[in-house]
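Here are a few exercises to work through with the structure open. Try each task yourself before reading on to the solution.

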Amino acid sequence: MQSSVSIHDLSLSFGSVNVLEKLSLDIAQGEFLVLLGPSGCGKSTLLNCIAGLLDISAGQIFISGKNVTWEEPKDRGIGMVFQSYALYPQMTVERNLSFGLRVARMPADQIAERVKRASDILQIGPLLDRKPGQLSGGQRQRVAIGRALVRDVDVFLFDEPLSNLDAKLRSELRVEIKRLHQRLKNTMIYVTHDQIEAMTLADRIAIMKNGVIQQLDDPHTIYNKPKNLFVAGFIGSPTMNFLTGKLAGGNVALEGVNIPLGKYSMQKAIDGSNVVLGVRPEHVAVGEDARKMPFTIESEIEIVEPMGADTVAWTKVGGQSLTFRAAAEVPLHTGQKVLVGFDPSRGSVFDAASGDRI
Amino acid sequence: MTADSFVQTSGATTKVGTNRDALTGPNGPRPKRISPARIGIYAFLIIVAIFFCVPLYVMLVTSFKSMPEVREAHLFNLPREWTIDPWIKAWSTACTGRDCTGLAPGFWNSVKITVPAVFISIIVSQLNGYALTFWRYKGAEVLFNFLVFGAFVPYQVLVYPIIIGLRDVHLFATLPGIIIVHTIFGMPILTLLFRNYYSSIPIEIFKAARIDGAGFWQTFFRVMLPLSVPITTVAVILQVTGIWNDFIFALVFAGQSNIPMTLQLNNIVKTTFGTVEYDVNMAATILTALVPLIIYFVSGKWFVRGIAAGAVKG
Amino acid sequence: MANIAAAPATAAVAGPSGPRRRFQFQAIIATLPMIIIGFMVFFVAILFTIYWSFTNSGMFPGWGWVGLKQYEILWNTNNWQIAVSNIWLFAIFSLIINFTVGFLIAVAMDQNIRQESLFRSIFLYPFAMSLYVTGLAWQWILDPNLGLQNAVQNWGFTNFRFAPLGDPGQAMIGLILGGCWQGAGVTMAVLLAGIRGVDQEIWKASKIDGIPTWKTYLFIVVPMMRGAVATALVLQVTGIIRTFDLVVSMTGGGPGIATWMPAMYVINAIQSKLNVGQGSAAATMMLAPIALLLIIRAVVSWRNERRAGMNVT
């Protein structure tokens, strides 16, 4: 089976600034790939290169087996959805959907059929006569997706499509996009800075920083086995706990605290080196549950943050901050002495200097 | 397609990237071909640019020729013998209907009119813009709309009542009179300019100043004025250009003793004793246009901003 | 600035008294000039002019009401009729040429031209030159004996004729040429600003849709440029109605009265003929199209506001 989108050694520089360097990526047919990262990491730039809206400095791009490196966007077999919807403001919805097809001189009945199909899938039929200015944000975004749908292509590109919507609409449309993917089974490349969108929608996530892909894995792996400090800190809310210490004979030594690593499988362990142990707040147990954990310690609660569904509390271990999550019913208050515990082998150990996972 | 590509199934850990040797087929940036459309666009722009340059070129070229050469009627040729006599004559000895003092007196009159008028009109409009943006009081909006309406009214509609008004205060055909006229007619656009600019300043700055205890005038001088340097520059350029280039107000309101350069130019050019001295006329014309032209070329982008700012209305 | 945060803050909260009222008072003082002038000049003066147009004012403004008599005289005066037809001619051609040329230049400039700022400087410098100077320059170029016509003839095209200013039927051509030379650049600047105001993502979308560049300009960008077009239109029209300097310098109204303009009629009536009534009537006629334009604009923006208020966002 051929990959749907294939990128070989893609580089892009603006003058002397290297935005993307020798990037390679293969995306399978029907896969939902998310490009995730903070602002300026190059994810949108990469998407624009795939779309053909940006000229690359080196490398090749293949879509559906065809070398499209020099092709115009319209000949690449892609559809694209933008953050600001980019609907043509003076045209009706129907016109917005059909304008590209009309320009390509498609027969009218074919156009009508495609428009109907798209509007049925996205349920925008009743909106066909309205202009974008008369639509709500969510409706506009559906029309934007519809415009990509009528093109009847293999690959869909999404450039932060939900960022302009409020939180509630965002979660609604997120589910719709997932349903769309399940129904259409097209390859979708999706750019976002929101880790929740990434985790919920992706088959695989490519986390990017400074133009380099830090890790390319399915969400589960990225969540449980992050490859470096950056990825570990980016995914997960509240942020992963980072405890810095020295590696000493199978333990991580903090100030006055020794954390045995137990079954953690290390790859390149150098005794005496500085390491960072990462533990997710949701993997830290408190009270009775803590006793079952391989590592426990008594600590005092400094701050309590009630979140409604659960509570986040801040304590200190070996002089360093440790947060944990507990169910809302567990009584916690500042100054309370509790027993906390976790399983270090479920955590992640990183080399303090390079940030890489060891 | 090629044997090189193979797919990574999504597993626990996937290698990023694949192995490839040399790149075959299209790679790297798209080859740039100069399309006929691009050539056409450049050709169009160049032709239009030449058309725009012609008058200035012709004026310059003519002004450096002597009259015999001018009469040869080769409008576009460079001077065979360059001479600056026309310029000297234009400045100091060209004759109007009444005397032969050249453009020089007109120049100084223009300066006398422009400098105060620019200064006053900008200060007043700035104050208005500031007051209107941050201190809204009843009736201000209505008056402001009248002012804006005034920006579009043809001057001729208001000329006669203003004549009467100035006569009544004995300021008709005086220097203060024409300065007042320029201030009045400059106010609508300038107030609009400043108000639009101040509207774009976050109101938090203003509120912070108020919380710090600053009053109306203090806020204006210590906070707003320093923030307004860009827009004030634009306003100065607009006003200097407009007032220096003015003709009709000078004609009606300046009086005999304050004839500015444009009017003086008119008197020189329209006076013909015998043959018309085109080279002198052209030199005089360029001299008159020189001040705003220099400002324009020196301050390039500010000028453009001025047009855009003055143009973006409502 | 002394930090007396407590006093003004609480005073402001307490209600419109104390420092608040003082600030308002100072605001009023600062804008008093505008109040006076705004009111007097642009309201009262216009009213006076309109009023005097209905009187039998001669050399001095009078109070004898004569109804529409001045207008009757006005519209029967040859000078005025010619002036009106001239300005219509001038307006229509100037608008068409300025908008077409301005738009074409703007589109060309939008294509990532290498020397864009140089070109822009060239297209806009006429704006820095007064209309009077512009008129003189073009008068010289169109001189029938020493200007363009002869230069081209001397190049060998002995049958070349182009000296419109000497011919009453053609003199307006010269005026239109000079006026457009000055006005096209500004129109271009405003339209270019409108073109550039179109969101980049719309361009991306149209590229993905495969819409050719020229169609994107015509069907997508131009409909989005209403604001810029309106601005350019207003700038143009107000400038055209005021046309005075250009005519005085280029033709003096001639040959004969072939290039008279309404503005000249007004000034002439007031200064030379000393007929305030006629001058006021002519001036009021000049005001009418501007007033109409502004009313249309107000209605349009009022309707847009209403429509925007009905939007669901």
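**Exercise 1. Work out how far chain C of this predicted model can be trusted, and where confidence drops.**

Solution. Start with the chain as a whole: the mean pLDDT of chain C is 81, and 87% of its residues score at least 70. Next, go element by element. Confidence is highest in helix 10 (residues 200-208) of chain C, at a mean of 93, and lowest in helix 1 (residues 6-14) of chain C, at 39. Then look at the stretch around that helix: residues 1-17 of chain C stay under 50, and the model gives this stretch 20 contacts beyond four places in sequence. Where pLDDT is low, predicted coordinates shouldn't be read in detail. Finally, note the scores for the model, with ipTM at 0.84 and pTM at 0.83.

**Exercise 2. Describe what each side brings to the contact between chains B and C.**

Solution. Count residues to begin with: chain C puts in 84 and chain B puts in 76. On the chain C side, the largest share comes from helix 3 (residues 32-52) of chain C, with 13 residues. Now sort that side of chain C by class, and you get 63 nonpolar, 18 polar and three charged residues.

**Exercise 3. Do likewise for the contact between chains A and C.**

Solution. Here 21 residues of chain A meet 17 residues of chain C. Which elements of chain A supply at least two residues each to this side? Strand 6 (78-81) and helix 2 (93-103) of chain A are ones that do. By class, the chain A side splits into 12 nonpolar, eight polar and one charged.

**Exercise 4. Place strand 7 of chain A in its surroundings, starting with burial and ending with the β-α-β unit.**

Solution. Take burial first. Strand 7 (residues 155-159) of chain A is mostly covered, with five of its five residues buried. Now split the side chains by direction: A:Phe156 and A:Phe158 point one way, A:Val155, A:Leu157 and A:Asp159 point the other, and all of them are buried.

Pairing comes next. Strand 7 of chain A runs parallel to strand 6 of chain A over four bridges, and one of the partnerships to look for is A:Ile78 with A:Val155. Strand 7 of chain A also pairs with strand 8 (residues 187-192) of chain A, again in the parallel sense, over five bridges. There, A:Leu157 has A:Ile189 as its bridge partner.

Last step: follow the chain from strand 7 through helix 5 (residues 167-184) to strand 8 of chain A, and you've traced a right-handed β-α-β unit.

**Exercise 5. Look at three backbone oddities, in A:Pro238, A:Lys22 and B:His170.**

Solution. Begin with the proline. The peptide bond leading from A:Ser237 into A:Pro238 is cis, its omega near 0°. A:Pro238 sits in the loop between helix 8 (229-234) and strand 11 (241-248) of chain A.

Now for positive phi outside glycine. A:Lys22 has phi near 45°, and its home is strand 2 (residues 17-28) of chain A. Is A:Lys22 buried, exposed or partly exposed? It counts as partly exposed, because it has 14 C-beta neighbours inside 10 Å.

B:His170 has a phi near 60°, positive as well. B:His170 lies in the loop between helix 6 (155-168) and helix 7 (175-199) of chain B. With 10 other C-beta atoms within 10 Å, and a cut-off of 12 or fewer for exposed, B:His170 is therefore exposed.

Conventions
Residues numbered from 1 in each chain as written. Chains lettered and ligands numbered in written order. Predicted model: local features only at pLDDT ≥ 70, side-chain atom pairs only at ≥ 80, totals over all residues. Buried ≥ 20, exposed ≤ 12 C-beta atoms within 10 Å, placed from the backbone. Contact = placed C-beta atoms within 7 Å. Nonpolar A, V, L, I, M, F, W, Y, C, P; charged D, E, K, R; others polar. Pairing = 2+ DSSP bridges. Right-handed = clockwise from strand over helix to strand, strands pointing away. pLDDT = per-residue confidence, 0-100.
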